[in-house]
Structures are given as C-alpha cells and as structure tokens.
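Please look over the sequence and the 3D structure shown here before reading the report that follows.

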Amino acid sequence: MYVIKMKTLIYYFAIFAVTLAGIGIIKLCSYGTSIDADSMLKESPSPQSSAMLFDKAKSDEKDVPIIMYHSILRSSHSGSEYIISEADFERDLKFLKKQGYTPIVMQDLIDFVDGKGTLPEKPIILTFDDGYFNNCSYAFPLLKKYDCKAVISIIGYYTDLYTETPDENPAYSHLTWKDIKEMIASGNVEFQNHSYNLHTIDKGRNGTKKKKGESLADYKAVLTSDLGKLQDAFKNNVGFTPTTFTYPFGSVSNDSFDIIQEMGFRASLSCESGMNHIGKNSDDLYMLKRYLRTPKKSVQAILE
Ligand SMILES: [Zn+2]
C-alpha cells in the first residue's frame, strides 16, 4: 500500500511539474519581446545596454539650486525682503557646509556643460544681485572664512558712479571697480552683468524687457548697447568678460534670448523660483531659476 502511494505521489508530482513548466513556456511566448528586453537588461549589463545608457544620462544631469541674495547688513530689521543679516548669512553658510554642499560659480557650470569639468556631489550657486558695497563689507569676509564661492551681478552705472565718488556706506553704496578687483583676486567671487543702466522702471521700460510696440531692431540696439557697455567696462577695469546676464527684476522678453546669446553670454539668470536640472545641453544654461532668500526663508528652509 505504502509503495503504491509513494508511486502515485511521484506520478502526480511529475504531472504538476510538467504543467508548471508548460505555463512558464506559454507565458514566455505570449509576453514575447518585453520579457526578452527585461532579461537582457538584468543579465547583460554591458556598457551598450539601454539600462546603462539610461543611468549614464541620469548621471550626466545635475540638480543645481541657485540662491538669490541682495543686501547683507549687520541687522535685517528693515522689513525689506532683500536685506538679510550678517548672522543669517553665516547660518546659511554653516548649514551648506554641514550638509555637504559646495558653492560653485557660473564658470564651473559652463565647464560642466562643455564637457571640460565635473561638478561636486552637491553643487549650489550663491548669487548676489545689484552689487551693493555691503556684499564686500559683510558677505565677503564670511565667504573667505567658510571658503565659499559666490556670484555677484553688478549694475555698471552704480559701480562707475561710486568709483568716481567713493562713499563706503553699507546701507546704500555700491561696489567700486577697486572692490571688484580685490574680490576677484581672492578667488571667492565671480562677477556678472546685471545691465549698465537698465535696472530701472522709470524710463518707460521695465528693466531689459521689450517695450510695447518696439521693433526688434530697436530693442536689439538698446540691449546690445547697454549690456555691451558693461561688458567693455569689465574688460577695461578688471580684465574679465562676464559670461552671464542677470535679468533686472526678472523681467524677461522672449526676444531677448537670441540677442543675449549673440552677444556671447553663455548663461542667464532669471528670478523664477525652482530647481535647475543641468545636462550637457548649452540651452540648459539660460533662464536659470533662483530661490529668493528673504529674512524669513533661510537656505535650510529653501532646500529642505
Ligand atoms: Zn537687481
């Protein structure tokens, strides 16, 4: 009895196993190529497989947050969105260091896109708009203390004005060409173009935005002349030509894109809030987004 039972069991087990295999074969056939593709990805991790190409594409792209500062003063009790205290700025730098962020400059980003350089594990760009003298008095010493880099976009008209009539007041003065030279020499600061004298809304134009009804030729002449004047001033005063145009007030016209590019700018900074995904495409460098750092929103709050 016992022997017969075992034989029966083995017989049923054999039928069961064959049936399982059969289901497997049927499944393999009916799913056809998708299963083949899956198994290829898992089993043959050659550099040519699509899985590897996908990973490579992802590793070539970097998330680069850009923070937008303006003035740094001893205290930030002015109620202005655009003034933060020296202590708050130091807290930002401490946080970035602790979290493993490496502040880079626009040239690092351009080199990465051009395939001439790599980016650190966690890159970030600290930008300062308008070129206030307080950037030199309060931000610069902290940038040196924490070995951090920053990008300052100046308004040429004010830098010329304060160079001619020096007045080192952190509350309202702007950087002189001498200050800029000193900051460039430190290796901690890169300077960029925030227009020569289009940082205004009182001349019938909103920053560098195209006027209503203005011809493309006229608009191009205005931008080329104004932005070009600051490019020349940079070249003559400090021997450096900015690579990046920072739109005043974030006021942007689509017609400016070709003009900015034709002028030789490799990148532009907007005031739109958000994260940048930088790959190997040079178009990725235009209209970069920036997070505004206000007295109420720390870099920690922005990044977390
Ligand atoms: Zn500005």
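## Terms and source

A residue is called buried if 20 or more other C-beta atoms lie within 10 Å of its own, exposed if 12 or fewer do, and partly exposed in between, the C-beta atoms being placed from the backbone. D130 meets the first of these conditions, because it has 20 other C-beta atoms within 10 Å and is therefore buried.

The model is predicted, so local features need a pLDDT of at least 70 and side-chain atom pairs count only at pLDDT 80 or more, whereas totals for chains, interfaces and linings use all residues. Residues are numbered from 1 along each chain as its sequence is written.

## Overall picture and confidence

The protein chain contains eleven helices and twelve strands, where helices (H or I, at least four residues) and strands (E, at least two) are DSSP runs numbered from the N terminus. The chain has 304 residues, of which 33% count as buried. Two residues are in contact if their C-beta atoms, placed from the backbone, lie within 7 Å; among the contacts in the protein chain with a separation of 6 or more, 64% join residues 24 or more positions apart.

Confidence is given by pLDDT, the predictor's own score for each residue, which runs from 0 to 100. The protein chain averages a pLDDT of 85, and 81% of the residues score at least 70. Over residues 1-49, however, the pLDDT is below 50, and this stretch has nine contacts in the model beyond near neighbours in sequence.

## The largest nonpolar core

A nonpolar core is a set of buried Ala, Val, Leu, Ile, Met, Phe, Trp, Tyr and Cys residues joined through C-beta atoms within 7 Å. The largest one here has 59 residues, and those with the most contacts inside it are I67, L109, L126, A139 and A150. Helix α6 (residues 133-145) gives this core its largest share, namely six residues.

L126 shows how such contacts are arranged, since, leaving aside neighbours within four places in sequence, L126 is in contact with I67, Y69, P103, C148, A150 and V151.

## Helix α6 and its surroundings

The expected span of a helix is 1.5 Å times one less than its number of residues. For the 13 residues of α6 this should come to 18 Å, and the end C-alpha atoms are 18 Å apart, which agrees. A kink of about 45° nevertheless lies at A139 in α6, shortly before the proline P141; the bend at a residue is the angle between axes fitted to the seven residues ending there and the seven starting there.

The buried residues of α6 are F133, N134, N135, C136, Y138, A139, F140 and L143. Their cover includes the helices α4 (86-98) and α8 (177-186), together with the strands β3 (71-73), β6 (123-130), β7 (150-154) and β8 (189-193). D147, which is found in the loop between α6 and β7, has a positive phi near 50° although it is a residue other than glycine. D147 is exposed, because 12 other C-beta atoms lie within 10 Å. D130, in strand β6, also has a positive phi, near 90°.

## Helices α4, α8 and α9

In α4, the residues F89, D92, L93 and L96 are buried. They cover an arc of only 95° around the axis, which puts them on the same side of α4; the arc is that of the directions from the helix axis to the C-beta atoms. What covers these buried residues includes β3, β4 (83-85), β5 (102-103), β6, α6 and α11 (299-303). α4 is followed by G100, whose phi is positive, near 80°.

I180 is found in helix α8 and is buried, because 22 other C-beta atoms lie within 10 Å. Not counting residues up to four places away in sequence, I180 touches T159, L175, F191 and V238. Helix α9 (residues 216-238) has 23 residues and reaches 32 Å from its first C-alpha to its last, close to the expected 33 Å. The buried residues of α9 are L223, L227, L230, Q231 and F234, and they pack against α7 (156-164), β8, β9 and α10.
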